[in-house]
Amino acid sequence: HRLRRSRLAVCTQPLHGFERLQAMFPNIIDHWITYHSALGVEHFTVYDADGSFRAVLEPFAAAGRVDYISHWPRRFGGEVF
């Protein structure tokens, strides 16, 4: 009898304003992903309201670690701001 391997994934709350966050907490996204990966998270889904997190998340998305959803409110016909 083989045990099925479970996959742990995380979905963020909608994010916005990367520049402000980066100014207050340098490299916070890299640290956040690294920390949660060490806890066993294998995949992240990130919802970005204004598209400002694209550059910092591109390497993680290219590696298949992150599903990045940019400007997600547009999918519902509007803007958050």
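These legends accompany an overview and several close-ups of a predicted model.

**Figure 1. Overview of the chain.** The chain holds three helices and three strands. From the N terminus on, these elements run β-α-α-β-α-β. The chain has 81 residues, and buried residues make up 30% of them. Its accessible surface comes to about 5900 Å². Carbon and sulfur atoms account for 56% of that surface. Among contacts with a separation of 6 or more, 58% join residues 24 or more positions apart.

**Figure 2. The largest nonpolar core.** This core has 13 residues. Those with the most contacts inside the core are I29, I33, F53, V56, L57 and V66. The elements that give two or more residues to the core are α2, β2, α3 and β3, the last spanning residues 66-70. Helix α3 gives the most, with three residues.

**Figure 3. Close-up of I29.** I29 sits in helix α2, which covers residues 28-38. Its relative accessible area is 10%, under the 20% limit, so I29 counts as buried. Leaving out residues up to four places away in sequence, I29 touches F18, L21, F53, V56 and L57. One of these neighbours, F53, is 24 residues from I29 in sequence. In space, the two are 9.0 Å apart, C-alpha to C-alpha. I29 is also among the residues with the most contacts inside the largest nonpolar core.

**Figure 4. The aromatic pair of F18 and F53.** The model has two aromatic pairs. One of them joins F18 and F53 in an edge-to-face arrangement. The ring centres are 5.1 Å apart, with 70° between the planes. That angle is over 60 degrees, so the pair counts as edge-to-face. F18 lies in helix α1, while F53 lies in the loop between β2 (43-48) and α3 (54-62). The pair therefore ties together parts that are 35 residues apart in sequence. F18 is buried, at 14% relative accessibility. F53 is buried too, at 1%.

**Figure 5. The aromatic pair of W32 and F44.** W32 and F44 form a tilted pair. Their centres lie 5.3 Å apart, and the angle between the planes is 55°. This pair links distant parts of the chain, with W32 in helix α2 and F44 in strand β2. The two residues are 12 residues apart. W32 has 28% relative accessibility, which lies between the 20% and 50% limits, so W32 counts as partly exposed. F44 is buried, with a relative accessible area of 0%.

**Figure 6. A nonpolar patch on the surface.** M24, F25 and I28 make a nonpolar surface patch of about 260 Å². F25 lies in the loop between α1 (18-24) and α2. At 42% relative accessibility, F25 counts as partly exposed. That value is over the 30% that a patch residue needs. Helix α2 begins at residue 28, the position of I28 in the patch. I29, in this helix, is buried.

Conventions. Residues numbered from 1 in each chain as written. Predicted model: local features only at pLDDT ≥ 70, side-chain atom pairs only at ≥ 80, totals over all residues. Heavy atoms only, no water. Helix = DSSP H or I, 4+ residues; strand = E, 2+ residues; numbered from the N terminus. Buried < 20%, exposed > 50% of the residue type's maximum accessible area, 1.4 Å probe, protein only. Contact = heavy atoms within 4.5 Å. Patch = residues over 30% accessible without salt bridge, like charges linked within 9 Å, V, L, I, M, F, W, Y side chains within 5 Å. Areas by Shrake-Rupley, 256 points an atom, 1.4 Å probe, with all protein chains shown as cover. Salt bridge = Lys/Arg side-chain N within 4 Å of Asp/Glu carboxyl O. Phe/Tyr/Trp six-rings, centres within 6.5 Å; stacked < 30°, edge-to-face > 60°. Core = buried A, V, L, I, M, F, W, Y, C linked by side-chain atoms within 4.5 Å.
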